[in-house]
Amino acid sequence: MKKGILLCGHGSRTKTGTAAFKELVGILQARYSDYEVDYGFLEFNHPVYEASIERMYQKGIREIYALPIILFAGSHAKNDIPYEMNTIQGYYDDLTIKMGKHLGVNSFLLELAQKRILEEEEKHEPIDRREVCLMVVGRGTTDPDANSDVHKLACMLGEGMGFGFTTVSYSGTAYPNVTQGLELTSKMAFKRTIAIPFFFFTGILLERIYKQVRDFNESSPLQYIYTKAFGVDELILKAFDERLDETINGTANMNCQLCKYRKQIVGVESEQGKEQIGHHLNVKGVLFEEDEKVGQKNSVLSKIKKGLGI
């Protein structure tokens with residue numbers, strides 16, 4: 001019997017963000033042609049996860065591998081998506097949902113980050129990397145375990161490529177933010193600072209980061225530039241291959257040793273043992289409708305179900 005893959009996206013407030021995600025979906029559908037590949041969003045957009053799993057179930061799928069399209073293990077990967085999958089699993093007695101791991105720290109992501117930096121460097125006058133600062137920009141979460149993965153990749157990237165200094169900033173939630181990070185790097189007076197956002201796709205947050213770097217560059221005698229998003233690249237696809245293989249073979253293990261929900265972690269001790277509850281119900285499917293729903297009918301009932309995202 002054919003098995004299914006659910007690509008668990010986050011959702012975006014912009015059409016360009018969802019369009020980029022759907023481009024990745026199309027490529028993975030072709031790559032995993034032996035599977036029924038569908039997708040859903042945690043917040044903002046349709047289809048919600050329930051709708052995608054329901055239509056796979058209607059096609060006869062009884063085993064689904066759920067792959068989070070998430071870079072680092074903050075609350076979405078540790079709490080929200082598992083909560084959604086556990087809830088949906090309870091709707092079906094004869095369906096098995098196996099959840100995979102977020103992309104996280106891996107050699108493919110490191111190699112792709114290097115590729116994006118090299119692409120940007122080629123556009124500018126060569127400078128000895130010892131005179132260049134690298135600033136990795138993460139999304140930022142309230143989970144120090146996820147933020148530390150950004151630091152680890154930044155360290156491996158900076159040391160591996162020989163930059164004079166490497167630091168991290170965040171688009172929100174964690175400290176320092178992008179503007180604060182740029183101000184800190186300016187005090188060291190490196191000739192050039194390269195900001196590399198660790199983001200899959202374009203969107204409001206990425207455009208905001210680019211504007212902050214451009215504005216800082218225009219007001220400084222030093223040079224501040226940025227790389228493009230990771231996007232759809234063969235290296236990202238290889239990382240998904242690895243995560244899918246782990247999920248199929250039951251080795252998609254999370255980093256439980258430093259998980260704030262399992263251990264007392266400095267500064268977030270109260271989170272240990274916290275009940276797993278989704279908190280995105282107010283923003284599930286509130287924005288764009290799905291415009292290519294499989295088997296869509298124009299009955300009144302189907303329109304009501306579409307509005308409810310089911």
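Which residue in β6 does M135 stand opposite? M135 stands opposite T167. The model is a predicted one. Two open sheets are described below, one with the strand order β6-β5-β7-β8 and one with the order β2-β1-β3-β4. After the sheets come helix α1, the cysteines and the residue E271.

**The sheet β6-β5-β7-β8**

- This open sheet is made of 4 strands, and their pairing is parallel.
- At its edges are β6, covering residues 165-170, and β8, covering residues 223-226; each of these strands pairs on one side only.
- From one strand to the next, the twist averages 25°.
- Strand β5, residues 132-138, runs parallel to β6 and is joined to it by 6 bridges.
- Helix α4, residues 107-121, packs on this sheet and touches β5, β7 (192-197) and β8. The direction of α4 makes about 135° with that of β7.
- Helix α6, residues 178-186, also packs on the sheet, where it touches β5, β6, β7 and β8. Between the directions of α6 and β5 the angle is about 165°.

**The sheet β2-β1-β3-β4**

- Here too, 4 strands form an open sheet with parallel pairing.
- The edge strands are β2 and β4 (96-99); each has a single partner strand, so one side of each is left without a neighbour in the sheet.
- Ignoring direction, neighbouring strands of this sheet are turned by 25° against each other on average.
- As background, the strands of a sheet pair through backbone hydrogen bonds, in either a parallel or an antiparallel way.
- Strand β3, residues 63-68, pairs with β4 in the parallel sense over 4 bridges.
- One pair of bridge partners is E63 and T96, with T96 lying in β4.
- Helix α1 lies across β1 and β2 and runs at about 165° to β2.
- Helix α2, residues 49-58, packs on the sheet and touches β1, β2, β3 and β4. Its direction makes about 160° with that of β2.

**Helix α1**

- Helix α1 spans residues 15-31, which is 17 residues.
- From its first C-alpha to its last, α1 reaches 24 Å, close to the 24 Å expected at 1.5 Å a residue.
- The buried residues in α1 are G17, T18, A20, F21, L24, V25 and L28.
- Seen down the axis of α1, these buried residues fall within an arc of 160°, so they line one face of the helix.
- An α-helix has 3.6 residues a turn, so residues three or four places apart point the same way.
- The cover over the buried residues of α1 includes β1 (4-9), β2 (36-41) and α8 (234-248).

**Cysteines**

- How many disulfides does a search of the whole structure find? The search finds 0.
- For background, a disulfide is a covalent bond between the sulfur atoms of two cysteines.
- C133 has a relative accessible area of 0% and is buried, whereas C155, at 40%, is partly exposed.

**Residue E271**

- E271 is placed in the loop between α8 and α9 (300-308).
- Is E271 buried or exposed? Its relative accessibility is 16%, and a residue under 20% is called buried, so E271 counts as buried.
- Leaving out residues up to four places away in sequence, E271 touches K260 and Y261.

Note on methods: Residues numbered from 1 in each chain as written. Predicted model: local features only at pLDDT ≥ 70, side-chain atom pairs only at ≥ 80, totals over all residues. Heavy atoms only, no water. Pairing = 2+ DSSP bridges. Axes fitted to C-alpha atoms, helices over the stretch in contact; angles between N-to-C directions. Contact = heavy atoms within 4.5 Å. Expected span 1.5 Å × (residues − 1). Buried < 20%, exposed > 50% of the residue type's maximum accessible area, 1.4 Å probe, protein only. Arc of directions from axis to C-beta. Disulfide = S-S within 2.5 Å.
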